[in-house]
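The exercises below are meant for a reader who is meeting this structure for the first time. Each one sets a task and then works through a solution step by step.

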Amino acid sequence: MLSIKGLEVKLEDEDKQILKGVDLEVPAGKVHAIMGPNGSGKSTLSYVLSGRDGYEVTAGSATLDGEDLLDLDPEERAAAGLFLAFQYPVEIPGVGNMTFLRTAVNAQRKARGEDEMSAADFLKFIRAKAKDLKIDADMLKRPVNVGFSGGEKKRNEILQMAMLEPKMCILDETDSGLDVDAMKLVSEGVNALRAEGRSFLVITHYQRLLDHIKPDVVHIMARGRIVKTGGPELALEVENNGYADILAELDA
Amino acid sequence: MAGLDDLNVKEGVEEETVEAVKTLAGAYKYGWETEIEMEYAPKGVNPDIVRLISEKNEEPEWMTEWRLSAFERWEKLDEPSWALLNYPEIDFQDQYYYARPKSMEKKPESLDDVDPKLLETYKKLGIPLKEQMILAGVEGAEDMPAEGRKVAVDAVFDSVSVGTTFQAELKKAGVIFCSISEAIREHPELVKKYLGSVVPVSDNYYATLNSAVFSDGSFVYIPPNTRCPMELSTYFRINAENTGQFERTLIIADKGSYVSYLEGCTAPQRDTAQLHAAVVEIIIEEDAEVKYSTVQNWYPGDEEGKGGIYNFVTKRADCRGDRSKVMWTQVETGSAVTWKYPSCILRGAESQGEFYSIAITNNHQQADTGTKMVHLGRDTKSRIVSKGISAGKAQNTYRGLVSMHPKAKNSRNYTQCDSLLIGDKCGAHTVPYIEVKNNSSRVEHEATTSKVDEEQMFYCRQRGMDEEEAVALIVNGFAKEVLQALPMEFAMEAQQLVAISLEGSVG
């Protein structure tokens, strides 16, 4: 599914190397977690994969089902099935949540050469998905993320994910700013989307999210590289010992 | 800007230019031309032309005199230069002031007699001149009613009104809706009483010129305590080349009445600029209410700023009666140059004026637009919401006046002016004038300027929208408060227009 090889990335405006050779394979249907201390390059990886401006890829490759991601515009990557749940979902004043989603769904369908979804079908679809995430009709009408609580914003990201049905989902610190109940709700939403043809890359600083979204593989990222890979037990190890040991190993 | 200077280009070059305009400005949907035999008055303006227009409209002597005195005054006036607009000098003698399809020489008895070519033109513009229900679309929200609505249309083609729909049905309600030329003939007492009573002949350079040479336009009279049974609209189409359109609209809402009035405008794309100078007067008596909505989509010129309409318009509503109310809503996406300040005279006690505006300028378009709220009566209220959007190399100015007179005790105004910039070569300007001459009134003014946010763009694109879709969505959100003030199908048209007028503004 997602294949990253020797990815090196620097900031466009500064001479600062952030990713220093990332190698990562996420097979279809699997959930991989990336953990790591602040500043390790986790969020940068999610931005580079989704095509945000401001970064320059200096070496390496990233492909989704064999298709070169780095060559595509952000919207083309989205249409290819890549979805990023933002750490800080953006507010768009005046644009109703429903209008936003309908525009997005139809834009992707158009890009894939499919017919637009009719208003009636869309309504049915979104109401069903929203119900699962305990998102009420009012939240669907409000402007995108404007005045949403932290929990509402993250639930809204998962709603978008459910509506767009991507094959590769990247969750960037989705647990940040969530209380226990909200985290449970969001995790349930993600778990409901787990499927054979759909992979997840869950980026998180803490282990607690992984209690709810059980990963198949855990990677530790530090100083712009994946430095350790293991099973779910690796997350617990980090939880107990912190990142200090791993960083010390690197320095050794 | 180029424009009028380009009349003398060599033939070969002109071909190329025309081709370039066609490919570059492909975004303008209404740029085609109707091939129809026209009759023109000789070029230029002078007392003979004024008399000729009056004669073509079979006007009474008092009207001809009114026009001639306006012309005499106009000759002594200078073109104003205070607006933040930059355009080549207009040669007022190098224009046609009257252009009428030959088939309109004998006035059609009914819509069935109208030249099929003209009917076809309006059909193509999406304005069928048939008495049928207009079906609401299903775009966007889930809350929209699906039932049909009736909208009566007065269709103005170059210098003449070609037909007005639903006249008989409106007449049953006592509503008069016809072309102004017909009103001058059929309802002289009303026209005499009200014409020029809101925008006097001496008002300003363009209004004075309009008073002398206006050829047609719409007339509306709503009798006391009558709610107009349908929306009324006028659709202005400029077709003829080198021809100015000077229309005049007069709306009278008698005591306790209500009407919603819509105005639409388009023109073919040409690489020479064309002049449009209209006057709209609205009289609102006690407890009456008028909503006036405009979607202005004149040809804006091409990407290089060649051609387009120069739009100099004077619109004013006089809230004469107590508790009278007016609401102006405008979506200005077209024209190369826009000079327009729909205003409210709040004369009656507790009268209210509202102004909602979206002005979008792209490429080389220039807009200097806003409103005047003149508070004369006690306890009057006004509200201004202006959203200016600039892209390309365009300049967009909000110019507004809020004036509280000594007798306008306890009056209030709220003004909000927001500007949105797309790219770094365009400009947004806000020029508010505030005069308060009593100490019990309150004036509030808020203004913001922002740029289309990169985070928002990335968010939209990550969800699958391309840059243009993303900009259109964000801008529609920015302008939402104003779009909501429009009647429904107008709001939809406006939303689509926002997207079309910003095409090519990113990337």
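**Exercise 1. Describe how chain B is built, beginning with how much of the chain is buried.**

Step 1. The model is a predicted one, and in it chain B has 507 residues, of which 61% are buried.

Step 2. Turning to secondary structure, chain B contains 12 helices and 24 strands.

Step 3. When the contacts in chain B with a separation of 6 or more are considered, 85% of them are between residues that lie 24 or more positions apart.

Step 4. The area that chain B exposes comes to about 19,600 Å², and carbon and sulfur atoms supply 46% of this area.

**Exercise 2. Decide whether Thr314(B) is buried or exposed, and find what surrounds this residue.**

Step 1. Thr314(B) belongs to strand β13 of chain B, which covers residues 308-319.

Step 2. The relative accessible area of Thr314(B) is 5%, and because buried means under 20% relative accessible area, Thr314(B) counts as buried.

Step 3. Apart from neighbours within four places in sequence, Thr314(B) is in contact with Val199(B), Asp203(B), Asn204(B), Ala207(B), Ala278(B), Val279(B), Val280(B) and Trp339(B).

Step 4. With Asn204(B), one of these residues, there is also a polar contact from side chain to side chain, at 3.0 Å.

**Exercise 3. Work out how chain B meets chain A, and which part of chain B gives the most residues to the side that touches chain A.**

Step 1. On the side of chain B, 21 residues are in contact with chain A, where 38 residues take part.

Step 2. The size of an interface is often given as the accessible area lost when the parts come together. For chain B and chain A the buried area is about 2,400 Å², with 59% of it on carbon and sulfur atoms.

Step 3. Of the area that chain B buries against chain A, 32% is supplied by Phe458(B), Tyr459(B) and Arg463(B), which is more than any other three residues supply.

Step 4. Between the two chains there are five salt bridges, and 13 residue pairs are in polar contact, counting pairs with both residues at pLDDT 80 or more. Arg52(A) and Glu455(B) form a salt bridge in which the closest N and O atoms are 2.6 Å apart.

Step 5. Helices α9 (454-462) and α10 (467-478) of chain B each supply at least two residues of the side that touches chain A, and α9(B) gives the most, with seven residues.

Step 6. Sorted by class, this side of chain B has nine charged, seven nonpolar and five polar residues.

Methods
Residues are numbered from 1 along each chain as its sequence is written. Chains are lettered from A and ligands numbered from 1 in the order in which they are written. This is a predicted model: local features need pLDDT of at least 70, side-chain atom pairs count only at pLDDT 80 or more; totals for chains, interfaces and linings use all residues. Side-chain values use heavy atoms; hydrogens and water are left out. Helices (H or I, at least four residues) and strands (E, at least two) are DSSP runs, numbered from the N terminus. Buried means under 20% relative accessible area, exposed over 50%, partly exposed in between (1.4 Å probe, protein chains only). Contact means heavy atoms within 4.5 Å. Accessible areas come from the Shrake-Rupley method with a 1.4 Å probe; for residues, only the protein chains shown count as cover. Buried area is the accessible area (1.4 Å probe) that two parts lose on being put together, summed over both. A salt bridge is a side-chain nitrogen of Lys or Arg within 4 Å of a carboxyl oxygen of Asp or Glu. A polar contact is a pair of N or O atoms within 3.5 Å; within protein, one must be able to donate a hydrogen and the other to accept it, and residues adjacent in sequence count only if both atoms are side-chain atoms. Ala, Val, Leu, Ile, Met, Phe, Trp, Tyr, Cys and Pro count as nonpolar, Asp, Glu, Lys and Arg as charged, and the others, Gly among them, as polar.
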